[in-house]
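This report looks at charged side-chain pairs and strand pairing in one protein chain. Please view the structure before reading on.

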Amino acid sequence: MRHHALLYVTLLAIMLMACSEEHEHIAPAIYPRDSVAVMTSYGVNTLISDSGVVKYRIVTEKWEVNQNKKPSKWAFEKGLLLEQFDLAMHVHSYIQCDTAYYYDTERLWELRGRVRILTKNGVRFTSEELFWDEKVKEFYSNKFSHVITPDKELKGNRFRSDDKMNKYSVKYTQGYFDRNDFGDSPRSHMTKAEADSAKNQGRGQASPRRINKNN
């Protein structure tokens with residue numbers, strides 16, 4: 001009986017070993033290699049200095065740096081705020097948007113959703129899209145844009161500007177212009193005597209003429 005029990009246990013062990021094959025337990029990758037960020041930071045509020053002077057602030061909820069992407073890029077998909085300070089640490093300009101991507105190899109910023117810009121010269125810009133090419137120092141957008149300066153207001157598509165927004169153009173525009181933008185008329189610089197003289201030269205004085213009723 002004892003031999004029978006030992007034989008039964010041995011046969012059961014052989015059966016279990018035969019039914020179970022060895023498997024290498026490796027979990028599949030959660031993401032493909034080309035989508036894994038090399039750095040992810042949350043709750044970023046960073047000051048940046050230049051020559052020992054604090055000049056900029058970066059605020060974002062999530063910042064990803066992905067150099068495996070083609071092209072490689074930084075992603076700010078929870079919004080981005082870039083502020084610039086003057087020497088008294090007052091904010092005199094900023095860039096804000098809902099989503100931003102920075103293609104580091106191309107040095108190109110792509111801003112999406114409620115893009116808001118204020119420059120230190122008082123120029124305000126709003127749009128749903130804006131690209132900032134650092135290599136050629138240019139802003140551009142192919143969507144509806146709204147530009148407000150201290151003396152004019154423009155709305156239209158296909159916005160182009162230098163990186164300081166001092167020189168810009170908007171196609172298919174509508175807006176308000178200050179009359180001084182069109183230049184002064186030559187008469188605005190004349191004295192009253194010169195204006196009267198120019199008026200008389202431009203239109204001669206009519207002389208009375210007798211009408212012959214017999215003709």
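## A salt bridge between two loops

In this predicted model, arginine 107 and glutamate 134 form a salt bridge through their side chains, with an N to O distance of 3.7 Å. Arginine 107 sits in the loop between β6 and β7, and glutamate 134 in the loop between β8 (124–133) and β9 (138–141). The two residues are 27 residues apart, and the pair links distant parts of the chain.

Arginine 107 is partly exposed, at a relative accessible area of 39%. Glutamate 134 is also partly exposed, with a value of 22%. Elsewhere, Glu110, Arg112 and Glu129 belong to one network, joined by salt bridges that share partners.

## Other salt bridges

The count of salt bridges in the model is eight. One of them joins glutamate 83 to arginine 57, with 2.9 Å between the closest N and O atoms. Glutamate 83 belongs to strand β4 (residues 80–85) and arginine 57 to strand β2 (residues 53–66), so this pair ties together parts that lie 26 residues apart in sequence. Is each partner buried or partly exposed? Glutamate 83 has a relative accessible area of 16% and is buried, because the cut-off for buried is under 20%. Arginine 57, at 24%, counts as partly exposed.

A further salt bridge connects arginine 114 with aspartate 98, and here the closest N and O atoms are 2.9 Å apart. Arginine 114 is in strand β7 (residues 108–118), whereas aspartate 98 is in the loop between β5 (91–97) and β6 (99–103). The two are 16 residues apart, and the pair links distant parts of the chain. Arginine 114 counts as exposed at 52% relative accessibility, while aspartate 98 counts as partly exposed at 29%.

## Strand β9 and its partners

Strands β8 and β9 run antiparallel and are joined by three bridges. In this pairing, phenylalanine 131 has tyrosine 140 in β9 as its bridge partner. The two strands form a hairpin with four residues between them. Lysine 137 lies in the turn and has a positive phi of about 55°. Glutamate 134, described above for its salt bridge to arginine 107, is in the loop between β8 and β9.

Strand β9 also pairs with strand β11 (residues 153–162), in the antiparallel sense and over four bridges. Here the bridge partner of phenylalanine 139 is serine 161 in β11. Strand β9 thus pairs with β8 and with β11.

Methods
Residues numbered from 1 in each chain as written. Predicted model: local features only at pLDDT ≥ 70, side-chain atom pairs only at ≥ 80, totals over all residues. Heavy atoms only, no water. Salt bridge = Lys/Arg side-chain N within 4 Å of Asp/Glu carboxyl O. Buried < 20%, exposed > 50% of the residue type's maximum accessible area, 1.4 Å probe, protein only. Pairing = 2+ DSSP bridges.
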